[in-house]
Structures are given as structure tokens and as C-alpha cells.
Amino acid sequence: MHDIYYGTRLPPERVPIPLVRPDDRIGTPYLACDPDKIVAIVETEVPDRNLPFAAPDDTARAIAGHVIEFLAHEVSRGRLPPPCCRSSRGSAISPMRCCPAWSTRRSTR
């Protein structure tokens, strides 16, 4: 866990989340919990059950296509340096890593 952020308020009191650089972090690496509510701590050697990402479907490919088109446009306008997408996570963005259109656009810049 990371970036557990409790600073969000409802409008109209909401303020921008204080992230201004790509490596900025917010929040805490833990969940806040009243110690009086803890009844036990169980230590285990069992590894986490991280589910594998689903294979990209048509919706994920469409989303990735839109993201690729947007990123390529921003690079062409000089608002992002090439290559602007080095890695990604998640089923909706993972097609970007193997998308020929993005590879072609990246290699020509």
C-alpha cells in the first residue's frame, strides 16, 4: 500500500491534491486505524494473491488507442518529450506497450 490520502474534501471545500512533479508522493504508506479497534495481528508467510492482468479486450484496445493518439498529439505539439510513455500497468493501458501505432510514432520522433 502507498499514497493513502485522507486530504480530499467535498466541494466547495476541495483543494488540488499537492502533486506537482512525477515523483511527488502524498498521504501515508498505511491506513489510519484506531488502535482500540485492533483485536489481533496475524503474521503470515503466505504470499499476497496478486491477480494477473486480464488480456486486453476490445474496450481496452480502444482506450489504449485514444491514449496513444492523445500522447502522440501532445508530442507533436511539443508539450511532451518523446518517448512520453515508458511503462504502464493495468488492462486498459497495457496494449500501449505492444501497440504498433505507438511504436511507429515513437520511432519517428
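How much area does the chain expose, and what share of it do carbon and sulfur atoms supply? In this predicted model, the chain exposes about 9400 Å², and 57% of that area comes from carbon and sulfur atoms. On the other side of the ledger, buried residues account for 17% of the 109 residues in the chain.

Before going further, a word on confidence. The pLDDT averages 75 over the chain, with 71% of the residues scoring at least 70. One stretch to treat as low-scoring is residues 105-109, where pLDDT stays under 50; for these residues the model has nine contacts beyond four places in sequence.

As for the overall fold, the secondary structure comes down to two helices and zero strands. Looking at contacts between residues at least 6 apart in sequence, 58% join residues that are at least 24 apart.

Helix 1 is the element to look at here. Its 19 residues reach 27 Å from the first C-alpha to the last, close to the 27 Å expected at 1.5 Å a residue. The buried residues of this helix are Ala60, Ala64, Ile68, Leu71, Ala72, Glu74 and Val75. Viewed down the helix axis, the buried residues fall within an arc of 155°, so they line one face of helix 1. Turned away from that buried side is a face carrying the exposed residues Asp58, Thr59, His66 and Glu69.

Both ends of the helix have something to show. At its start, a side-chain oxygen of Asp57 comes to within 3.2 Å of the backbone nitrogen of Thr59. After the other end comes Gly78, a residue that follows helix 1 with a positive phi, near 80°.

Among the buried residues of helix 1, one is an acidic side chain worth a separate look: Glu74. This residue lies in the helix spanning residues 58-76. Why does Glu74 count as buried? Its relative accessibility is 12%, and the cut-off for buried is under 20%, so Glu74 falls on the buried side. Leaving out residues up to four places away in sequence, Glu74 touches Arg79 and Leu80. With Arg79 the link is also a polar one: the two side chains are joined by a polar contact of 2.7 Å. Taken together, Glu74 is a buried residue of helix 1 whose side chain pairs with that of Arg79, a residue beyond the helix, which covers residues 58-76.

Terms used: Residues are numbered from 1 along each chain as its sequence is written. Side-chain values use heavy atoms; hydrogens and water are left out. pLDDT is the predictor's confidence in each residue, from 0 to 100. Contact means heavy atoms within 4.5 Å. Helices (H or I, at least four residues) and strands (E, at least two) are DSSP runs, numbered from the N terminus. Buried means under 20% relative accessible area, exposed over 50%, partly exposed in between (1.4 Å probe, protein chains only). A polar contact is a pair of N or O atoms within 3.5 Å; within protein, one must be able to donate a hydrogen and the other to accept it, and residues adjacent in sequence count only if both atoms are side-chain atoms. The expected span of a helix is 1.5 Å times one less than its number of residues. The arc is that of the directions from the helix axis to the C-beta atoms. Accessible areas come from the Shrake-Rupley method with a 1.4 Å probe; for residues, only the protein chains shown count as cover.
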